[in-house]
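Student: I would like to learn how to read a structure such as this one, feature by feature. Could you take me through it slowly, with the general idea before the particular case where there is one?

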Amino acid sequence: MTAPIRSAANQAAPAIEALADQLEARGDLTDPRIRRALRKAPRHLFAPARGWCAPDGPGQRRVIDRRRDPSGWWEAVYSDASIVTQVADGTGDPAGGTGEATSSLSSPGAVVAFLELLDVSPGDRILEIGTGTGWTAALLSELGAHVTTVEVDEAIAREADARLRDHGFDVAVRAGDGAAGAPAAAPFDGVHVTCGVTQIPYAWVKQTRPGGRIVMPWMPEFGDGHKVALTVTADGCAVGRLAGRADYMMLRAQRTGVGAGFGAGAARESTTSLDPWRVAFDGYGADAAIAGTLPDVMAIPRHGAGAGFELELADVAGTSWARCVKGGAGEHRVLQGGPRSLWEEVAAAYDRWVEWGRPGRERFGMTVSPSGQAVWLDDPDHRV
């Protein structure tokens, strides 16, 4: 066993440095401690022998197989790409490239960005939500943290626990619903979340000491996801700002989708001069404003044949829906059903964002309290 292990380590060393150089040049990696952690917890130890490689950015999505194509496997593992390790909660082929991906080895760029936001100090007690393969837990451990990580899938938790132990990482792995945190191990100095959440569980705030940080991918119903970094305050709240784009698989308990009632019933027809493409893609500030104003409204942009574009809207309860079809000459067709007029609601939120001067995402923040969560602009007192 000694020779193969040494050979793998020798092969990984230059790949780790090249990847770290890439992340540093892009501005994602600034903390030298994280660079050292990347060396001490090499990614290939946590990569599946076979999976689906999905680059973060340009690059071909493809199957990787260490036995059949070892060089392609190594290249994928040390690229800025996520690697799908589970599909359809374990019922599909993770290397097939089809079906809903439900667990993965996150891309290095995304992992490093959240580690920098968390800003771990040696001795910190960290709660991680979403163990996956165990790589981020290993990195946190190498940064000097005492890590408790919670994984909803029992099989994934067992495999990660064995992998971490086999490679000498002292991490407490728990199987369970991450939304509940780990109350028996609290309080924590920080919470590191590796799955998307729409509603931030207050349990994470309650289990974090005042001054502790919570970093997560906030994945609202409307628009893209956002990195969020919150600081817990002495009054039992958590406050912080949006800090860039994020796209993660959802916490299982918070998966949603357009209900069966979409398009059902009689439709009200009208026209609008507001371009649906602008509402969907006019900026990360617009989607943050709309998501904060209408937290229960989801949007699905659809690109049709030629230059066609439609924006579909639905409420989470499945009571109302809308479809705005981009037309020519500045007039766009609107179809709506249900008791709510979702297009008018979304259009009003968009227009208010324009009236504010089209603020960018970095000006928006979030407060989480025992009564729920709220999005604000510039100041926690200015709720959207």
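Student: Which residue of strand 6 does Arg 125 stand opposite?

Tutor: In this predicted model, Arg 125 stands opposite His 146 in strand 6. The pairing belongs to a ladder in which strand 5 (residues 125-129) and strand 6 run parallel and are joined by 5 bridges.

Student: Is strand 6 mostly covered or mostly open?

Tutor: Strand 6 is mostly covered, since 5 of its 6 residues are buried. Leading into strand 6 (146-151) is a loop that starts from helix 5 (135-142), and Gly 144 is placed in that loop. Gly 144 is partly exposed, its relative accessible area being 27%. Leaving aside residues up to four places away in sequence, Gly 144 touches Ser 121, Pro 122, Gly 123 and Asp 124. For a sense of distance along the chain and through space, take Gly 144 and Gly 308, which are 164 residues apart in sequence and 53 Å apart in space, C-alpha to C-alpha.

Student: How many residues of helix 4 are buried, and what follows from that?

Tutor: Helix 4 (residues 108-118) has 10 buried residues out of 11, so it is largely enclosed by the rest of the structure. Among the buried residues of helix 4 are Val 111, Val 112, Phe 114, Leu 115, Leu 117 and Leu 118. After helix 4 comes Asp 119, which has a positive phi, near 55 degrees.

Student: How should I read a nonpolar core, and which residues have the most contacts inside the largest one?

Tutor: The general idea is that in soluble globular proteins nonpolar side chains tend to be buried together. Here the largest nonpolar core has 54 residues, and those with the most contacts inside it are Trp 204, Met 216, Val 279, Leu 313, Trp 343 and Phe 364. Helix 10 (residues 342-355) gives this core its largest share, 7 residues. The core also draws at least three residues from each of domain 1 (3-245) and domain 2 (268-356). A second core, separate from it and made of 49 residues, includes Leu 38, Phe 46, Val 112 and Ala 246.

Student: How far apart do the C-alpha centres of domain 1 and domain 2 lie?

Tutor: The C-alpha centres of domain 1 and domain 2 lie 34 Å apart. As for the contact between them, 9 residues of domain 1 are in contact with 13 residues of domain 2.

Student: How do I read a salt bridge, and how many does a search of the whole structure find?

Tutor: As a general idea, side chains of opposite charge can pair when their charged atoms come close. A search of the whole structure finds 27 salt bridges. One of the pairs is Arg 50 with Asp 93, whose side chains meet at 3.0 Å, N to O. Because Arg 50 lies in strand 1 (residues 50-55) and Asp 93 in the loop between strand 3 (81-87) and strand 4 (101-105), this pair ties together parts that are 43 residues apart in sequence. Arg 50 is partly exposed at 40% relative accessible area, and Asp 93 counts as partly exposed at 36% relative accessibility.

Student: Which parts of the chain does the pair of Arg 358 and Asp 282 link?

Tutor: The side chains of Arg 358 and Asp 282 meet in a salt bridge of 2.8 Å, N to O. This pair links distant parts of the chain, with Arg 358 in the loop between helix 10 and strand 17 (364-369) and Asp 282 in the loop between helix 8 (276-281) and helix 9 (284-293), 76 residues apart. Arg 358 is partly exposed, with a relative accessible area of 39%, whereas Asp 282 is buried, with 16%.

Student: Is Asp 31 buried or exposed?

Tutor: Asp 31 counts as buried, because its relative accessibility is 18% and the cut-off for buried is under 20%. Its side chain meets that of Arg 33 in a salt bridge (3.0 Å, N to O), and Arg 33 is partly exposed, with a relative accessible area of 23%. Elsewhere, a network of salt bridges links Glu 17, Asp 21, Glu 24, Arg 35 and Arg 39.

Student: Where does pLDDT stay under 50?

Tutor: In general, where pLDDT is low, the predicted coordinates should not be read in detail. Here pLDDT stays under 50 over residues 1-6, for which the model has 0 contacts beyond four places in sequence. The protein chain averages a pLDDT of 93, and 95% of the residues score at least 70.

Methods: Residues numbered from 1 in each chain as written. Predicted model: local features only at pLDDT ≥ 70, side-chain atom pairs only at ≥ 80, totals over all residues. Heavy atoms only, no water. Core = buried A, V, L, I, M, F, W, Y, C linked by side-chain atoms within 4.5 Å. Buried < 20%, exposed > 50% of the residue type's maximum accessible area, 1.4 Å probe, protein only. Helix = DSSP H or I, 4+ residues; strand = E, 2+ residues; numbered from the N terminus. Domains from an automatic or database assignment. Contact = heavy atoms within 4.5 Å. Salt bridge = Lys/Arg side-chain N within 4 Å of Asp/Glu carboxyl O. pLDDT = per-residue confidence, 0-100. Pairing = 2+ DSSP bridges.
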